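Trainee: I'd like to learn how to read a model like this one. Can we go through a few features together?

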Amino acid sequence: MIMSRPLFSKHTSLLHQLLPLMLKNVPFDAKLAASTTRKHNPFTVESVSDVLKSIPRFFFQSPRSIGRQNGFRHRAPLKQRNLEKEAYNIRNNVIILGPARYRNPQLVSLGLNKATEFYYWVESSFGFVHNEITCREMGIVLARGNNTNGLWNFLKEMSRRGNGELVNASTVTCLMKVLGEEGLVNEALATFYRMKQFRCKPDVYAYNVLINALCRVGNFKKARFLLEQMELPGFRCAPDVFTYTIMISSYCKYSMQTGCRKAIRRRLWEANHLFRLMLFKGFVPDVVTYNCLIDGCCKTYRIERALELFNDMDKKGCVPNRATYNSFIRYYSAVNEIDKAVEMMRRMQDMNHGMPTSSSYTPIIHALCEAGRVLEARDFLVELVDGGSIPREYTYKLVCDALNAAGEAYLPDDELHKRIRDGIENRFRQVMKVKPVMNYTILLQHGDI
């Protein structure tokens, strides 16, 4: 399982002492505090934050998270979650679907209880004074554990205690983002409307986070309402480029998920309309805005509009990157215009707009194999490996099978075969690697230690 960053910080020894105690449900009382203070007080803002950051990794993740790849790309929840219905299904042993499908409810409850107990224990037993950072980390633990009522009560208490210093706009915005990632968009919206209760004023970043969360579950009506609010004359939080980019990207992505042509046309029209609106208001779109709209046009076979946007980038001095060219490469490979796809990739190399990687070569190689041009596919595979990238196992097998079926020779030498095989195996090991600390946690959960 992918471990959190705090486990490899300078407070690793403290984490290895406290997390087993939490997993064994050892109470944080005066006796434990007395044994801890024999040497010195080890609790600082960094150490307390690291302990709180590590709790979601150990208590809230499901066993299916083992082997998950690093990075921020993951499938977003497509529907708003109903926590009451999920709790009812758990009590009646009904299958739960969605992000909480493989969670252990007992372990989640234990993690929430121990996090709350630890938070107040370091304060009462060691005189530790919580600040904005530790307050935010505790709120994130409650949000990751889907304890929304506990989260709001905690924020109320911290707001009264800190007189606005512990709970500020950035803390509430961070919690809204976490709730949106958990599929609790209605709860994120309720937290947004409670900002006034916490003596906070939302800024444009808070609006952007909420609009992004609403778009991820397809609630474009409410997201558009917030955008129109921001566009009102004299409104305190005027929209920026990121606001329009979020809406444009969401319209393009959501159109791909619908099977209705009319809905696809409508979403693409909305995306283009917002793009023209931001130009009319004087905003300068960046490369991300162009990439979102170009990718949406290419995936819906609107290549004329995509090329028009591509030429507009050149006129306005916005330099395209690899993602821009990959959208055209995927389109031309899908419609069997392979020569134009290769031309796009060569243009990217000649203009120094990016280095082609596996995502650039793979569509071309697949299209060449389907068209029976296996020797060219082999040459592109060799070029991909020489460039320092490793193809996917399916792509490598596809080229080998196509060469074998055509009676052609395999790859030029055994050394290249070995490089590809070793690269695929190393990538597999990196993805499926389980950290020793996680093995220790599993043993603790089963009582073997």
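Mentor: Sure. Let's start with contacts: two residues are in contact when they have heavy atoms within 4.5 Å of each other. Keep in mind that this is a predicted model.

Trainee: Which residues does Ser360 touch, leaving out those up to four places away in sequence?

Mentor: Ser360 touches Arg322, Asn326, Ile329, Met345 and Met348. With Asn326 there is also a polar contact of 2.7 Å between the two side chains.

Trainee: And where does Ser360 sit?

Mentor: In helix H18, which covers residues 358-370. Its C-alpha atom is 9.1 Å from that of Ser327, although the two serines are 33 residues apart along the chain.

Trainee: Is Ser360 buried or exposed, and why?

Mentor: Buried means under 20% relative accessible area. Ser360 has 0% relative accessibility, so Ser360 counts as buried.

Trainee: Now pockets. What lines the second largest pocket?

Mentor: That pocket, with a volume of about 620 Å³, has 26 lining residues. Nearest its centre are Leu83, Glu86, Ala87, Ile90 and Asn146. By type, the lining has 10 nonpolar, 10 polar and 6 charged residues.

Trainee: Which helix gives the most to that lining?

Mentor: H4, with 6 residues. Helices H5 (105-126) and H7 (148-162) each supply at least two.

Trainee: What happens at the start of H4?

Mentor: A side-chain oxygen of Asn82 comes to within 3.2 Å of the backbone nitrogen of Glu84 there. Just after H4, look at Asn93, which has a positive phi of about 55 degrees.

Key
Residues are numbered from 1 along each chain as its sequence is written. This is a predicted model: local features need pLDDT of at least 70, side-chain atom pairs count only at pLDDT 80 or more; totals for chains, interfaces and linings use all residues. Side-chain values use heavy atoms; hydrogens and water are left out. A polar contact is a pair of N or O atoms within 3.5 Å; within protein, one must be able to donate a hydrogen and the other to accept it, and residues adjacent in sequence count only if both atoms are side-chain atoms. Helices (H or I, at least four residues) and strands (E, at least two) are DSSP runs, numbered from the N terminus. On a 1 Å grid over the protein atoms alone, a cavity is a set of points where a 1.4 Å probe fits but cannot get out, and a pocket is an open set with protein on both sides within 12 Å along at least five of seven lines; lining residues have an atom within 4 Å of a point. Grid points are joined across faces, edges and corners, and a volume is the space filled by probe spheres set on the points. Ala, Val, Leu, Ile, Met, Phe, Trp, Tyr, Cys and Pro count as nonpolar, Asp, Glu, Lys and Arg as charged, and the others, Gly among them, as polar. Buried means under 20% relative accessible area, exposed over 50%, partly exposed in between (1.4 Å probe, protein chains only).
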